[in-house]
Amino acid sequence: MLTAVAGIFGALVIGAWVVVAWGSGRRQPWLLAPLALLVVLLVVMDMPGWSFLPAVALVAGTFTELVLGVRESPAVRTKDPDAPLSTERWAAAVAAPFRVALAEPWDVVAQRTLRRRYRRMLEHQWQVTDRESLVAAFEAHVEELRTGSTLDLVVDLGAGVARSRLPREEGGMDTGEQVRLTPEQVERLREVTGAVEGDETVIIGAYQWWRSVHAIRLVCAGASLDWLSPVETQTMLRRVASDLQRRYASWQQLSTAFHAGYLLWPNRAAGDEDGGTDRVWTALGLLTEDPRSPWNLLPWDMPLERVLPEGGTPGGQEQQESRS
């Protein structure tokens with residue numbers, strides 16, 4: 001009788017844990033798998049009384065994940081620190097703040113555990129629901145970056161206000177976008193721009209190219225959802241990486257532009273899809289300062305690999321991109 005009760009109770013607990021772990025889209029709840037296995041083994045070995053101990057522990061872990069919503073703090077994590085340099089690795093480093101915010105490895109392009117999170121992000125921020133709409137969104141975003149206006153961010157450190165404008169050579173007209181900064185944000189911008197004591201205004205030029213990170217996130221989402229083949233993934237990442245290397249000269253310039261653009265990003269309070277505003281901002285600080293950060297380890301001007309399609313010879317689009 002006790003064995004039957006323990007078996008039913010264990011099955012219900014394990015079922016609830018699987019549902020919560022799958023729904024969370026995070027790695028942490030899956031670390032409870034040994035408890036679930038122990039419950040099964042103890043029931044099978046006719047030790048039903050002992051099986052209640054790991055079952056109760058599994059209930060506690062599941063409850064914590066479901067109700068309390070405990071999250072790992074942002075952290076710079078790398079799946080393979082010794083991996084060779086590659087275009088995919090370089091491009092993944094550009095989008096690292098959004099992975100670091102979730103304490104996920106920054107160097108994994110196709111991350112299966114983030115599928116549900118990516119689906120929400122694609123639908124809510126891009127209205128993307130399938131492969132065709134994802135590719136269309138990527139192409140439109142890249143084209144907008146290439147043909148759009150260059151923008152400067154003028155930061156008044158004294159007043160704590162940042163506003164977007166056209167460059168002086170294009171008239172210097174304000175675009176109407178501005179944000180009031182917290183004291184911590186002012187101090188961070190002072191640090192990343194290298195403003196010395198007494199500087200009250202700094203100008204961050206061509207900051208709009210930070211939005212290349214969104215193109216990279218679209219590709220990572222498509223790869224994670226198996227909407228893009230490895231060759232398509234590599235080709236699209238190479239296009240974005242090539243554009244960025246031409247526009248900026250260092251990871252420091254990207255970091256400065258990322259800080260500036262992120263503050264003005266309309267979706268920066270999107271919440272769960274991006275790990276939360278404060279977490280991404282914290283991640284930016286980690287990537288700028290942590291010596292293990294790819295922004296401090298990878299060479300900015302790394303030569304980009306040519307992408308070979310299934311036929312083994314470079315495709316026409318790839319050849320055109322390499323000449324542009």
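Here is a walk through the fold, from the whole chain to the sheet, a few single residues and the salt bridges.

Keep in mind that this is a predicted model. The chain has 324 residues, and 48% of them are buried. In secondary structure, we get 14 helices and four strands. Among contacts with a separation of 6 or more, 70% come from residues 24 or more positions apart. On the outside, the accessible surface is about 15600 Å², with 58% of that belonging to carbon and sulfur atoms.

Let's start with the sheet. The four strands make an open sheet, running in the order 3-2-1-4 with antiparallel pairing. Strand 3 (174–180) and strand 4 sit at the edges, each pairing on one side only. From one strand to the next, the twist averages 20°. Helix 11 (residues 251–264) packs on this sheet and touches strand 1, strand 2, strand 3 and strand 4, with its direction at about 90° to that of strand 3.

Now for the pairings themselves. Strand 2 (residues 161–165) joins strand 3 through four bridges in the antiparallel sense, and arginine 163 stands opposite glutamine 178 of strand 3. Over at the other edge, strand 1 (residues 152–156) and strand 4 also pair antiparallel, over four bridges. Look for leucine 153 here: its bridge partner in strand 4 is isoleucine 204. That isoleucine, along with Val202, belongs to the covered face of strand 4 (residues 201–204), while Thr201 and Ile203 make up the uncovered face. Why do the residues take turns like this? In a regular strand, side chains alternate between the two faces of the sheet.

Next, move towards the N terminus, to helix 2 (33–44) and helix 3. Each of these supplies at least two residues of a nonpolar patch. The patch is a surface one of about 640 Å², made by Leu37, Leu41, Met45, Met47, Trp50 and Leu53. Take leucine 41, which sits in helix 2: with a relative accessible area of 41%, leucine 41 is partly exposed. Serine 51 makes a nice contrast. This serine has its place in helix 3 (residues 48–68), but its relative accessible area is just 2%, so serine 51 counts as buried. What is serine 51 in contact with, leaving aside its neighbours within four places in sequence? The answer is Ala6, Val39, Leu42 and Val43.

That leaves the charged side chains, and there are 12 salt bridges in the structure. In one of them, aspartate 107 pairs with arginine 89, with 3.2 Å between the closest N and O atoms. This pair links distant parts of the chain, 18 residues apart: arginine 89 belongs to helix 4 (residues 87–94), and aspartate 107 to the loop between helix 5 (96–100) and helix 6 (115–126). Buried or exposed, then, for aspartate 107 and arginine 89? Both are buried.

A longer reach along the sequence comes with glutamate 232 and arginine 131, whose side chains meet in a salt bridge at 2.7 Å, N to O. Glutamate 232 is in helix 10 (residues 230–247) and arginine 131 in helix 7 (residues 131–147), so this bridge ties together parts 101 residues apart in sequence. Here, glutamate 232 is partly exposed at 26% relative accessibility, and arginine 131 is partly exposed too, at 31%.

For a local example, try glutamate 184 and arginine 188, joined by a salt bridge of 3.4 Å, N to O. They are four residues apart in helix 8 (residues 183–193), so about one helical turn separates them. The two ends differ in cover: glutamate 184 is partly exposed at 41%, whereas arginine 188, at 10%, is buried. Salt bridges can also join up, as in the network that links Arg146, Asp243, Arg246 and Arg247.

One last stop is arginine 238, another residue to look up in helix 10. Its relative accessible area is 9%, so arginine 238 is buried. Its C-alpha atom lies 9.3 Å from that of tryptophan 90, although the two residues are 148 apart along the chain.

Notes
Residues numbered from 1 in each chain as written. Predicted model: local features only at pLDDT ≥ 70, side-chain atom pairs only at ≥ 80, totals over all residues. Heavy atoms only, no water. Salt bridge = Lys/Arg side-chain N within 4 Å of Asp/Glu carboxyl O. Buried < 20%, exposed > 50% of the residue type's maximum accessible area, 1.4 Å probe, protein only. Pairing = 2+ DSSP bridges. Contact = heavy atoms within 4.5 Å. Areas by Shrake-Rupley, 256 points an atom, 1.4 Å probe, with all protein chains shown as cover. Patch = residues over 30% accessible without salt bridge, like charges linked within 9 Å, V, L, I, M, F, W, Y side chains within 5 Å. Axes fitted to C-alpha atoms, helices over the stretch in contact; angles between N-to-C directions.
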